[in-house]
Amino acid sequence: MKHASPSLSAYLDGELSSEERARFEAHLERCPDCRAERDRLKGALSLLSRLPPSPPPSPNFEQHFYARLAAERPAPRARLFDRPLWRWLAPGLAGVAASVALVLVVEIRHRPPPDDLLVGDLDLFENYEAVASVGVVENQEDVEVVAHLDELGVRK
Amino acid sequence: MASDPDAALMVAFKGGDERAFRSLFEKYGRTMVSFCNHFVRDRARAEELAQDIFLKLHRSAGSYEATARFRTFLYRIASNHCLNELRRAEYGSRRALEASEGGEPPAPTDPDTLPAGTSTPEQTVLASALGRAVEQLLEGLPEKQRLAFVMGRFEGLSYEEIAHALGTTVPAVKSLVHRATVSAAAALAPFMTTGEEVAP
């Protein structure tokens, strides 16, 4: 057996199998160089074990962590829109909403006053599903119906 | 994993139990600060890194497989994070500057005079010098050796656990730990008395 030094640390750490350990110890009996190296490494390990423990974290370590964790979490509304279903539905609903908006704008621009119609009915955009269920908006009366779906008890 | 209660907690957290995550943080948060401290030598920064590690753990719960020991999973995240930290150029340059301002090398010392509990002012000075020598040793080690050495010598991980954490083999860890230990013996030689021979 050549010098067994690559196994020396594993030997000191108790990481050799019983067979490897027996072989290694047989070598140590015959090899003063390896014995000297063993003692040198053992002395180093003894020193390392005497190092003082790491200082404890600051008293507000945990508090800081939970604050960071809370800051990282998305708001409930944002989390709703992170869900896979919404990721699929959102583009389609946005398209429907944009179409409805375009129809509304064209409709309103080609109408005579009253001009306060658009501002008053902006809240109809708040529920894309409700707007989409209406289909094409034909006239001002339709716009008003859409804007007040909730009052009419229409299921969204 | 029935034999690993921490893995069970991680699985519970993966299922939405935030209290399980909290238990893991309470158990390992301080350990991670200590681990990171071996890489940055700055307690405030070590605390930030430990928090980063747990934020990553929180985000990566979905990728956790119950077949993995929790501790090695955590140390894998921690190792990668500390390596990234070490690789930051600005950090390296700052450490080099501090090293150039270091004190004189320590005088030879009998290890038995080092503190083991209560300590005299003399012993405190010696322990401090030993601590600096170990810090310089760690800074001089190659990255993988440093990680393996810290996990094995200071964190108490087995070679197998280190291998899992580093994504390598047990024989590779054996080699990494041995080379680092030989370097440690050289670096700490001024603290050792000669002629000591103790059977393992």
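Which residues touch the most other members of the largest nonpolar core? In this predicted model, that core holds 56 residues, and the ones that touch the most other members are B:Met32, B:Cys36, B:Ala50, B:Ala148, B:Met151 and B:Ile162. If you would like an element to start from, try helix 2 of chain B, residues 18-40, which gives the most to this core, with nine residues.

B:Met151 is a good place to pause. Setting aside neighbours within four places in sequence, B:Met151 is in contact with B:Tyr75, B:Leu157, B:Ile162 and B:Ala165. One of these partners, B:Ile162, is also listed with B:Met151 among the core residues that touch the most other members.

Now let us turn to chain A. Its secondary structure consists of 10 helices and zero strands, so reading from the N terminus on you meet α-α-α-α-α-α-α-α-α-α. Chain A has 156 residues, of which 14% count as buried. Among its contacts with a separation of 6 or more, 54% link residues 24 or more positions apart.

Finally, look at where the two chains meet. Here 32 residues of chain A are in contact with 37 residues of chain B. On the chain A side, two or more residues come from each of helix 1 (8-12), helix 3 (32-49) and helix 4 (61-72). Helix 3 of chain A gives the most to this side, with nine residues. By character, the chain A residues that touch chain B divide into 17 nonpolar, six polar and nine charged.

How values were computed
Residues numbered from 1 in each chain as written. Chains lettered and ligands numbered in written order. Predicted model: local features only at pLDDT ≥ 70, side-chain atom pairs only at ≥ 80, totals over all residues. Helix = DSSP H or I, 4+ residues; strand = E, 2+ residues; numbered from the N terminus. Buried ≥ 20, exposed ≤ 12 C-beta atoms within 10 Å, placed from the backbone. Contact = placed C-beta atoms within 7 Å. Nonpolar A, V, L, I, M, F, W, Y, C, P; charged D, E, K, R; others polar. Core = buried A, V, L, I, M, F, W, Y, C linked by C-beta atoms within 7 Å.
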